[in-house]
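Let's take a walk through this protein together. Please open the model and keep the sequence beside it as you read.

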Amino acid sequence: MKKILCGALSLLTATVFAVWQDDHLPEIFALNAEKLQPVTLAQDWTFREGMPEEGWQNTRAEGKTFRLKDNKIDLDTVAGKTGDLKSHAVLYCTITSPADGIAEIGIGCDWYFEAYVNGTLCATTMKDGNGDSTYQPSNHPFFIPVKRGENLLAIHTGRGSYTWSFACAKVPFRLPDVPEIAVGPWLDNPGPGRMTVRFTSLGNCGAGVEYRTKGSGTWLTAWDAVEELIQRRSFHTVELENLTHAAQYEYRIVMLDPAKPKNLVYPRKGEIYTFTAPDEKKERFSFLFTADLQFVPEKQNEIFPALLKAGGAETCDFILLGGDIGSSFSIDALLNTVWKLNAENGGSARPLVWIRGNHEFLGDTERYIECCGTPEGKTYGFFRFGSTAFLRLDSYALGNWKSDRAEYTLPAAFAAKQQAFVKQVMDSPAWKNAKHRIVLAHSAPFSVGGFEESITRMTASMIAPYYRDRKSDAPVALMLTGHTHTYTRTIPGTTQVAALVPPQTKAPCDGKNYPFPVVAGLGPEAETPFAASVFRVDVTPEKLTVQSFRPDGTCLEKFEIMNDGQVKEFLSLPHFDTVKK
Ligand SMILES: [Fe+2]
């Protein structure tokens with residue numbers, strides 16, 4: 001915390017000097033708009049001409065009464081004359097608060113001010129002036145400590161060269177920008193010689209990653225930049241490239257101090273994290289896949305770590321999220337649940353790849369690519385991990401989905417682009433030469449749960465041309481999906497599924513036409529609102545071993561997929577026919 005305070009102090013000195021916020025940052029960063037006290041500024045202000053007298057901060061002195069109009073005034077009109085650079089005055093206003101707490105106000109002033117509340121210095125521009133010639137309350141927003149009832153706001157101001165414009169009002173809630181990590185870091189997009197690092201900062205800061213092979217002396221720096229412009233923002237994505245295969249790397253986060261951008265700041269006391277660069281020859285590795293975690297935040301906080309534990313995340317090389325990770329793609333909520341929990345459970349050393357589901361089309365959907373996209377800025381992709389090829393598909397959400405947001409989608413154009421990409425993958429040596437091939441999508445390419453939807457058709461249009469009723473020279477071993485919330489594993493060549501309960505049978509299952517198992521995990525249902533499961537896949541040169549677990553660690557089933565496509569069951573579920581009799 002000490003580091004945060006030091007960083008914050010240097011930040012706040014840009015516009016304010018020695019203010020009480022520095023000692024109250026934990027309290028301030030726990031604030032949101034709802035927690036701010038809804039204070040009221042009295043209409044009548046007092047203007048006391050001249051330099052402040054001793055004790056002016058604590059006691060309201062006599063003076064002229066004036067009112068702001070639209071939160072502004074030219075103090076020359078109150079003084080009754082055109083002043084000059086030697087003009088000074090003290091302004092007083094009563095702020096009424098319903099309870100003890102913190103409020104936020106802002107001041108713009110031509111040219112200097114220092115503001116005290118109940119004798120506590122809260123903001124000052126006495127050193128550098130206003131810095132902005134618009135003179136709006138938003139020029140210098142700052143937090144003030146208030147007590148229940150009346151509070152004294154005392155402002156010392158010095159006039160500018162041309163005017164004595166002054167503005168003061170409550171301002172919309174906004175946290176200060178502090179060069180410190182809020183959530184993360186976590187890794188994404190493992191690939192040959194590359195890795196993505198993601199994290200968030202407290203407010204908008206320029207940020208990057210310093211990295212080096214473990215034990216070497218020289219740090220390389222990669223910035224969160226667009227066209228070589230470091231981005232001042234709070235959600236950061238940094239691409240590390242040209243990594244040495246299988247090498248161990250260490251990295252640390254670096255930020256530009258928003259107040260003094262020439263100063264680099266190392267948040268969390270320069271904590272060093274490590275990861276292993278993907279090894280293209282790796283033949284033995286493990287990963288988890290889960291989807292459909294659209295629970296309330298309290299339940300996500302309970303269920304997601306439980307799934308990581310049940311699947312044995314600590315011995316996995318990466319985690320796959322199969323979409324619908326929340327009722328909507330709400331970044332504020334997800335930062336405090338899935339991303340934070342992942343980072344706290346080994347995410348700084350182990351990639352998390354987030355595939356888009358239909359619920360990621362709700363909320364902050366426009367920011368999905370920024371937060372979860374591939375380095376190419378796509379929602380679909382291809383990556384090799386060791387000897388295994390992964391095709392990441394986007395099932396999209398089309399116009400007939402019930403959300404209004406679906407009206408913003410362009411499904412035909414999207415399908416064409418994704419189909420072109422899939423064809424490139426299918427033609428590539430990286431796909432053809434892989435030891436195993438795995439397809440990932442939110443929706444299966446057919447109706448497993450007994451209902452037909454556009455997202456199944458989108459998936460099918462990607463995968464069916466190459467695999468439906470076809471024998472391929474590049475066979476797929478396994479397809480991992482979600483969306484139905486019903487646990488099923490298709491039995492290739494049959495209309496049967498291994499399942500916990502008989503699946504709905506409103507439509508025939510197309511699984512028999514695909515020569516590989518398609519699995520879908522548990523998700524919330526009316527009768528079982530907190531149902532969830534996770535697949536663990538252990539890859540070896542000979543086979544894929546798949547196990548599925550409930551959050552309590554109960555194993556639902558265990559099976560192996562041999563290189564010839566044969567599936568061997570070790571812990572079996574009942575098989576049900578999906579065709580309506
Ligand atoms: Fe879904």
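A residue is called exposed here when its relative accessible area is over 50%, buried when that area is under 20%, and partly exposed in between. Keep in mind as we go that this is a predicted model.

With those cut-offs in hand, have a look at Asp70. It sits in the loop between strand 3 (64–66) and strand 4 (72–74). Its relative accessibility is 67%, so Asp70 counts as exposed. The backbone deserves a glance too: Asp70 is not a glycine, yet its phi is positive, at about 50°.

Asn118 is another non-glycine residue with a positive phi of about 50°. You will find Asn118 in the loop between strand 7 and strand 8 (120–124). Because its relative accessible area is 32%, Asn118 is classed as partly exposed.

While you are in this part of the chain, step back to strand 7 itself, which covers residues 111–117. Trp111 belongs to this strand, and the peptide bond leading into Trp111 from Asp110 is cis, with omega near 25°. A second cis peptide bond joins Gly184 to Pro185, this one with omega near 0°. Pro185 is part of strand 12, an element that we will meet again shortly.

Now zoom out to the overall layout. The protein is divided into domain 1 (2–170), domain 2 (178–276) and domain 3 (352–577). Let's concentrate on how domain 2 and domain 3 meet. Taken over C-alpha atoms, their centres are 32 Å apart. Domain 2 brings 13 residues to the contact and domain 3 brings 15 residues.

How much area is buried between domain 2 and domain 3? The value is about 1,100 Å², with carbon and sulfur atoms giving 47% of it. On the domain 2 side, Pro190, Arg194 and Phe235 supply 42% of the area buried against domain 3, more than any other three residues.

Arg194 is worth a closer look. This residue forms a salt bridge with Glu376, and the closest N and O atoms of the pair are 3.1 Å apart. Across the interface of domain 2 and domain 3, the rule finds 1 salt bridge. The interface also has 6 residue pairs in polar contact, with both residues of each pair at pLDDT 80 or more.

Which elements of domain 2 give two or more residues to the side that touches domain 3? They are strand 12 (178–191), strand 13 (194–205) and strand 18 (233–240). Strand 12 gives the most, with 5 residues. Sorted by character, the residues on this side of domain 2 divide into 4 nonpolar, 4 polar and 5 charged.

For a last stop, move along the sequence to Asn513. This residue lies in the loop between strand 30 (496–499) and strand 31 (518–520). Is Asn513 buried or exposed? At 10% relative accessibility, Asn513 counts as buried, since the cut-off for that class is under 20%. Leaving aside residues up to four places away in sequence, Asn513 touches Tyr467, Arg468 and Asp469. Try displaying Asn513 with these contacts, and then return to Asp70, which counts as exposed at 67% relative accessibility.

Notes. Residues numbered from 1 in each chain as written. Predicted model: local features only at pLDDT ≥ 70, side-chain atom pairs only at ≥ 80, totals over all residues. Heavy atoms only, no water. Domains from an automatic or database assignment. Contact = heavy atoms within 4.5 Å. Buried area = accessible area lost by both parts, 1.4 Å probe. Salt bridge = Lys/Arg side-chain N within 4 Å of Asp/Glu carboxyl O. Polar contact = N/O pair within 3.5 Å; in protein donor to acceptor, adjacent residues only side chain to side chain. Helix = DSSP H or I, 4+ residues; strand = E, 2+ residues; numbered from the N terminus. Nonpolar A, V, L, I, M, F, W, Y, C, P; charged D, E, K, R; others polar. Buried < 20%, exposed > 50% of the residue type's maximum accessible area, 1.4 Å probe, protein only.
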